[in-house]
Amino acid sequence: MLREILHFFRHMPGVARAAMGRTQAEIYEILVERADRAGIAAYRARLAQELEGSVLEIGCGTGRMFSHYPVGAHVTAIEPDGEFREHAEQAAEGCVATIEVRGEFGEALPFEPESFDAVIFASVLCSVGDVDRTLSEAHRVLKRGGELRALEHVRSERWLPGLMMDLANPLWRLYNRQGCNMNRRLEPAVRRAGFEIEAAEAFQVYVPGLPAFPSRLLRARANGPAVARSGADSSAAGTS
């Protein structure tokens with residue numbers, strides 16, 4: 001944990017300088033570009049590998065996943081933030097997959113049940129308002145046996161680092177101004193929504209300007225019934 005803390009404080013002043021005079025979407029692009037160069041792009045490619053049919057990406061941000069979707073994928077990408085959505089629309093141009101960018105929220109998807117073959121989350125569950133409801137909605141719109149894939153940072157499973165992340169989370173939210181939480185738990189929330197986890201790979205990448213959060217590359221199936229959850233449930237559980 002000490003290494004992670006030193007890494008963050010070493011690069012924090014540079015990030016603060018880079019953020020001056022820039023919009024949230026521009027800051028996000030700078031940091032995500034660094035993350036992709038440091039190794040996250042390879043995980044994005046694995047997240048999208050061999051996808052085909054109808055795909056829903058929830059919280060697409062500025063469209064960093066788009067170039068990784070293969071031919072044969074028909075992607076509906078939702079992003080509620082207008083500035084981020086403009087970047088995503090530009091990123092969709094020239095991609096080999098068919099991509100439509102829309103402005104909906106993950107907590108209230110305007111799609112019929114069992115509309116998609118796969119649902120993708122890429123660095124978004126840390127910042128959604130209601131994790132359990134978002135995952136429940138993802139389960140609802142997935143076809144039976146459809147696949148959920150997620151690339152997310154998570155709360156540490158070790159007791160001391162996990163406790164430190166819980167205590168530091170309010171300050172982290174103030175600092176990042178993106179609504180990002182550092183202490184959400186991915187696997188328990190995915191199971192609560194009715195998914196069966198098939199694989200969860202732990203990894204950690206050190207990126208200039210970003211904390212070296214524990215992360216997961218996860219795959220799960222919508223084999224059981226969806227379980228609706230309230231915002232109070234997700235907050236009490238501290239989930240992701």
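## A seven-strand sheet and one buried valine

In this predicted model, strands E4 (residues 116-122) and E5 (residues 142-153) run parallel to each other, paired over 6 bridges. To find a spot on that pairing, look for Ala-122, which sits opposite Leu-151 in E5.

Now zoom out to the whole sheet. It's an open one made of 7 strands, laid out in the order E3-E2-E1-E4-E5-E7-E6, and the pairing is mixed. Strands E3 and E6 are at the edges with a single partner strand each, so each has one side with no neighbour in the sheet. Going from one strand to the next, the twist averages 15°.

Here are some of the strands, with their residue ranges:

| Strand | Residues |
|---|---|
| E2 | residues 73-78 |
| E3 | residues 98-102 |
| E4 | residues 116-122 |
| E5 | residues 142-153 |
| E6 | residues 196-203 |
| E7 | residues 215-221 |

There's a helix to spot here too. Helix H2 (residues 24-48) lies across E4, E5, E6 and E7, and runs at about 175° to E5.

Next, pick out Val-75, which you'll find in strand E2. Is Val-75 buried or exposed? Its relative accessibility is 2%, and buried means under 20%, so Val-75 counts as buried.

So what does Val-75 touch? Leaving aside residues up to four places away in sequence, Val-75 touches Val-55, Glu-57, Tyr-69, Thr-98, Ile-99 and Glu-100. Take Glu-57 from that list: Glu-57 and Val-75 are 18 residues apart in sequence, with 7.0 Å between their C-alpha atoms.

Conventions: Residues are numbered from 1 along each chain as its sequence is written. This is a predicted model: local features need pLDDT of at least 70, side-chain atom pairs count only at pLDDT 80 or more; totals for chains, interfaces and linings use all residues. Side-chain values use heavy atoms; hydrogens and water are left out. Helices (H or I, at least four residues) and strands (E, at least two) are DSSP runs, numbered from the N terminus. Buried means under 20% relative accessible area, exposed over 50%, partly exposed in between (1.4 Å probe, protein chains only). Contact means heavy atoms within 4.5 Å. Two strands pair if DSSP finds at least two bridges between them. Axes are lines fitted to C-alpha atoms, for helices over the stretch in contact, and angles run from 0 to 180 degrees between N-to-C directions.
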